[in-house]
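User: I would like to go through some side-chain contacts and helix details of this structure. Short answers, please, each ending on the value or name I ask for.

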Amino acid sequence: MSRLRYLDPSEAYHAFVDWSGSYSLAIDGAVDTDRLIRAFEALCDAVPLLTGSLGRDEKGYFFRIPPGRRPETTVRDVTGAGAERESAYLAEMARPLDSGRGLCRLVLVCGQDTAHVILVLHHSMIDGRGGVTLLEKLCRNYTALTEGRTPPYAAPEAPAQ
């Protein structure tokens with residue numbers, strides 16, 4: 001069963017205008033796609049709203065968090081010239097977020113020796129500073145996984161029975 005929470009007026013405004021923000025970082029070298037996705041999934045477990053979407057009924061806008069849902073992840077391997085990679089990167093930065101399907105999206109645009117990680121977040125759930133913080137937490141999770149450690153931003157472990 002989905003969990004629901006109706007939005008406060010300040011949140012509802014951003015739902016109405018359907019704004020989202022894209023946060024990115026450029027990386028020299030290769031990115032381990034599987035580890036990046038695992039780092040993102042751990043972050044989603046720690047921040048369940050990332051797995052949610054927006055809805056609207058006669059009472060107003062609401063966040064819904066369906067069980068077991070994962071946000072969209074996209075990997076674009078662009079091995080062409082620099083202009084082709086830049087075009088793919090800019091297209092992903094500008095691609096609209098369908099808030100009825102999800103409140104965030106992770107995109108990896110890979111080139112031959114470079115990559116761009118893009119985290120798209122709906123503004124009804126987070127502002128610019130919060131988006132930068134989530135991108136930093138994603139990076140910390142990825143670093144932990146590459147070092148063989150448990151991601152620091154993941155769902156809390158269930159208490160021992």
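User: Is Asp32 buried, partly exposed or exposed?
Analyst: This is a predicted model, and the value is computed from it. Buried requires under 20% relative accessible area and exposed over 50%. Asp32 has a relative accessible area of 30%, so the class is partly exposed.

User: Which residue meets Asp32 in a salt bridge?
Analyst: The cut-off is 4 Å from a side-chain nitrogen to a carboxyl oxygen. Here the N to O distance is 3.4 Å. The partner has 31% relative accessibility and counts as partly exposed. The residue that pairs with Asp32 is Arg35.

User: Asp32 also caps the N-terminal end of α2; which residue supplies the backbone nitrogen?
Analyst: The cap uses a side-chain oxygen of Asp32. That oxygen lies 3.1 Å from the backbone nitrogen in question. The nitrogen belongs to Asp34.

User: How far apart are the end C-alpha atoms of α2?
Analyst: Helix α2 has 14 residues. At 1.5 Å a residue, the expected span is 20 Å. The model agrees, with the end C-alpha atoms separated by 20 Å.

User: Which elements are included in what covers the buried residues of α2?
Analyst: The buried residues of α2 are Leu36, Ala39, Phe40, Ala42, Leu43 and Cys44. Their cover includes β5, β6, β7 and α4.

User: What is the distance between the closest N and O atoms of Asp45 and Arg70?
Analyst: Asp45 lies in helix α2, and Arg70 in the loop between β4 and β5, so the salt bridge ties together parts that are 25 residues apart in sequence. Asp45 is partly exposed at 35% relative accessibility. Arg70 is partly exposed as well, at 36%. Their closest N and O atoms are separated by 2.9 Å.

User: Is Glu92 buried or exposed?
Analyst: Glu92 meets Arg76 in a salt bridge, N to O 3.1 Å. Glu92 sits in helix α3 and Arg76 in strand β5, so the pair ties together parts 16 residues apart in sequence. Arg76, at 30% relative accessibility, counts as partly exposed. Glu92 has 5% relative accessibility, which means it is buried.

User: Which residues are linked with Arg76 and Glu92 in a network of salt bridges?
Analyst: The structure holds eight salt bridges. A network of them links Arg76 and Glu92 with two further residues, Glu72 and Arg95.

User: Which residue of β4 is the bridge partner of Leu54?
Analyst: Strands β3 and β4 run antiparallel and are joined by five bridges. They form a hairpin with two residues between them. Leu54's partner in β4 is Phe63.

User: What is the angle between the planes of Tyr6 and Phe62?
Analyst: Tyr6 lies in strand β1 and Phe62 in strand β4, so the aromatic pair ties together parts 56 residues apart in sequence. Tyr6 is partly exposed at 29%, while Phe62 is buried at 7%. The ring centres are 5.5 Å apart, and the pair is edge-to-face, with a plane angle of 70°.

User: How are the rings of Tyr13 and Trp19 arranged: stacked or edge-to-face?
Analyst: Tyr13 is partly exposed, with a relative accessible area of 44%. Trp19 is partly exposed too, at 41%. Their ring centres lie 5.7 Å apart with planes at 90°, so the pair is edge-to-face.

User: What separation do the C-alpha atoms of Gly128 and Gly21 have?
Analyst: Gly128 lies in helix α4. At 34% relative accessibility, Gly128 counts as partly exposed. Gly128 and Gly21 are 107 residues apart along the chain, yet their C-alpha separation is 7.5 Å.

Methods
Residues are numbered from 1 along each chain as its sequence is written. This is a predicted model: local features need pLDDT of at least 70, side-chain atom pairs count only at pLDDT 80 or more; totals for chains, interfaces and linings use all residues. Side-chain values use heavy atoms; hydrogens and water are left out. Buried means under 20% relative accessible area, exposed over 50%, partly exposed in between (1.4 Å probe, protein chains only). Helices (H or I, at least four residues) and strands (E, at least two) are DSSP runs, numbered from the N terminus. Two strands pair if DSSP finds at least two bridges between them. The expected span of a helix is 1.5 Å times one less than its number of residues. Contact means heavy atoms within 4.5 Å. A polar contact is a pair of N or O atoms within 3.5 Å; within protein, one must be able to donate a hydrogen and the other to accept it, and residues adjacent in sequence count only if both atoms are side-chain atoms. Rings of Phe, Tyr and Trp (its six-membered ring) pair if their centres lie within 6.5 Å; planes under 30 degrees apart count as stacked, over 60 as edge-to-face and the rest as tilted.
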